[in-house]
Amino acid sequence: MNNSKENSFFTKKLLWWNEQSNNRTMPWKAEKNPYKIWLSEIILQQTRVEQGLAYYNRFVTQYPTIEKLALANDDDVFKLWEGLGYYSRCKNLLATARIVAFEHNGIFPNSYESILALKGVGPYTAAAIASFAYNQPYAVVDGNVLRLLARFFGIATPIDSTIGKKIFTTLAQQLIQKQPPATYNQAIMDFGATVCKPQLPLCTTCVLQKKCKALQQNEVSSLPIKTKKLIIKNRFFFFVVAIYQQQVYVQKRVEKDIWQNLWQFIPFEMPANMSFDALQSSESFQNIFTKPYQVKFVSAPLKQKLTHQHIEVTFVVLQLQHPLQLLQWQLQPVKQLRQLPFPRIVTQFFENNTSFT
DNA sequence: AATGCGGGGCA
DNA sequence: TGCCCAGCATT
């Protein structure tokens with residue numbers, strides 16, 4: 001089951017590498033403020049360190065304490081999160097900040113179970129906070145750890161299966177037992193990210209190579225194993241930027257779909273890539289837009305590739321002569337549009353059309 | 001157990 | 001292009 005000799009080789013070499021060769025620097029490293037650790041961990045969920053770094057710095061600058069974050073305006077926080085993706089993280093970030101600030105007297109919870117109970121915090125994040133902030137021996141099991149353990153111990157169990165999660169979590173927990181929790185957890189993730197990388201891992205100089213099962217069996221490139229198949233959906237939209245007296249119709253997205261809590265222009269989702277003429281002659285369009293209006297601009301389709309969706313958006317700028325008869329929509333001055341958080345593909349449209357900035 | 005959720009970087 | 005990234009919530 002557990003080979004204690006392999007285990008001690010693994011932990012010893014890993015900590016040795018961490019002392020000798022780990023030169024990864026990050027602002028939250030050695031941080032002991034639970035608020036900042038929690039913030040960094042939420043930002044880094046499914047997000048590369050390089051991508052999250054600037055967001056983390058902006059957040060700690062603008063919201064240096066959890067109380068400041070708790071008192072913030074929702075749209076302002078989403079604006080700071082804009083472009084980072086997985087926006088439910090931001091929603092949960094705000095909810096948790098308010099619970100800690102107003103219901104826990106600003107005291108961040110300090111037991112694994114109570115940390116795990118926070119919104120947006122799962123097993124990985126709870127272990128990270130418990131170990132980094134409070135030096136408690138909970139092993140982090142993220143993508144880096146799964147890959148490293150699967151390769152070194154030669155484990156072909158799918159990492160996205162229930163049994164796989166149990167096996168890897170149990171193994172990781174055994175490994176951390178007699179190690180310094182914060183240092184060890186930081187080391188194993190840094191090692192996975194910089195040495196035992198997904199592509200082109202540095203096996204020839206790896207301190208673990210002597211006992212690495214995957215290397216011995218030529219399975220480095222095939223481990224870890226994932227079973228879930230990704231289904232990509234193609235979606236086609238028109239976003240109508242309807243302008244009335246220097247103001248634009250906007251709305252916060254509330255439906256169960258991508259970009260929840262971000263703002264949008266008047267959307268028309270089409271079953272396929274259709275022309276603007278086809279949209280204009282459709283009933284759903286004519287129900288909202290009755291002449292007179294001027295078509296000021298029809299963009300080329302902007303394309304965005306998400307993990308599960310490929311999206312094409314054509315932006316249409318309309319100048320209205322009369323206000324629309326729309327419920328649940330508000331008019332936002334053109335000059336103040338950029339105060340609201342929008343999906344990346346919309347901010348790209350802004351970048352290409354400076355009249356909106 | 002399966003699905004949905006962003007955006008970007010890399011080979 | 002396909003895969004992956006300091007995962008989690010919902011169904």
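Helices are taken here as DSSP runs of at least four residues, numbered from the N terminus, and in this predicted model the largest share of the surface near DNA strand C, 4 residues, is supplied by helix 8. In total, 27 residues surround DNA strand C, and the closest of them are L44, G122, T125, D142 and G143. Helix 8, which spans 123-134, is joined in this surface by helix 2 (34-44), helix 9 and helix 11, each of these four helices supplying at least two residues. By class, the surface near DNA strand C comprises 12 nonpolar, 9 polar and 6 charged residues.

A second surface lies near DNA strand B, which is surrounded by 23 residues, with G85, T162, I258, T307 and R344 being the closest. The residues of this surface divide into 9 nonpolar, 10 polar and 4 charged.

Helix 9, one of the helices that contribute to the surface near DNA strand C, covers residues 143-152, and because 9 of its 10 residues are buried, this helix is largely enclosed by the rest of the structure. The buried residues are N144, V145, L146, R147, L148, L149, A150, R151 and F152. The elements that cover them include helix 1 (4-20), helix 10 (162-176), helix 11 (181-194) and helix 12 (213-216). After helix 9 comes G154, a residue whose phi is positive, near 60°.

Two of the helices that cover helix 9, namely helix 1 and helix 11, also pack against each other, at an angle of about 80° and with their axes 9 Å apart. Helix 1 and helix 11 are therefore roughly perpendicular to each other. On the side of helix 1 the contact is made by L14, L15, W17 and N18, and on the side of helix 11 by T183, Y184, A187, I188 and F191. In terms of class, the residues of this contact divide into 7 nonpolar and 2 polar, with no charged residue.

Further along the chain, strand 7 (residues 309-320) takes part in several pairings. With strand 1 (residues 233-244), strand 7 pairs in the parallel sense over 11 bridges, and within this pairing F236 has E312 of strand 7 as its bridge partner. Strand 6 (residues 302-305) pairs with strand 7 in the antiparallel sense, over 4 bridges, and here the bridge partner of K303 in strand 7 is E312. E312 is thus named as a bridge partner both of F236 and of K303. Strand 6 and strand 7 are joined by a hairpin that passes through 3 residues. Strand 5 (residues 293-298) also pairs with strand 7 in the antiparallel sense, in this case over 5 bridges, and Q294 stands opposite Q319 of strand 7.

Finally, Y87 is situated in the loop between helix 5 (74-81) and helix 6 (88-103). A residue counts as buried if 20 or more other C-beta atoms lie within 10 Å of its own and as exposed if 12 or fewer do; Y87, with 19 other C-beta atoms within 10 Å, is therefore partly exposed. When residues up to four places away in sequence are not counted, Y87 touches F78, W81, W259, Q260, N261 and L262. The C-alpha atoms of Y87 and I243, by comparison, are separated by 27 Å, the two residues being 156 residues apart along the chain.

Methods: Residues are numbered from 1 along each chain as its sequence is written. Chains are lettered from A and ligands numbered from 1 in the order in which they are written. This is a predicted model: local features need pLDDT of at least 70, side-chain atom pairs count only at pLDDT 80 or more; totals for chains, interfaces and linings use all residues. A residue is near a molecule or strand if its C-beta atom, placed from the backbone, lies within 6 Å of it. Ala, Val, Leu, Ile, Met, Phe, Trp, Tyr, Cys and Pro count as nonpolar, Asp, Glu, Lys and Arg as charged, and the others, Gly among them, as polar. Two residues are in contact if their C-beta atoms, placed from the backbone, lie within 7 Å. Axes are lines fitted to C-alpha atoms, for helices over the stretch in contact, and angles run from 0 to 180 degrees between N-to-C directions. Angles under 35 degrees count as roughly parallel, over 145 as roughly antiparallel, 65 to 115 as roughly perpendicular and the rest as oblique. Two strands pair if DSSP finds at least two bridges between them.
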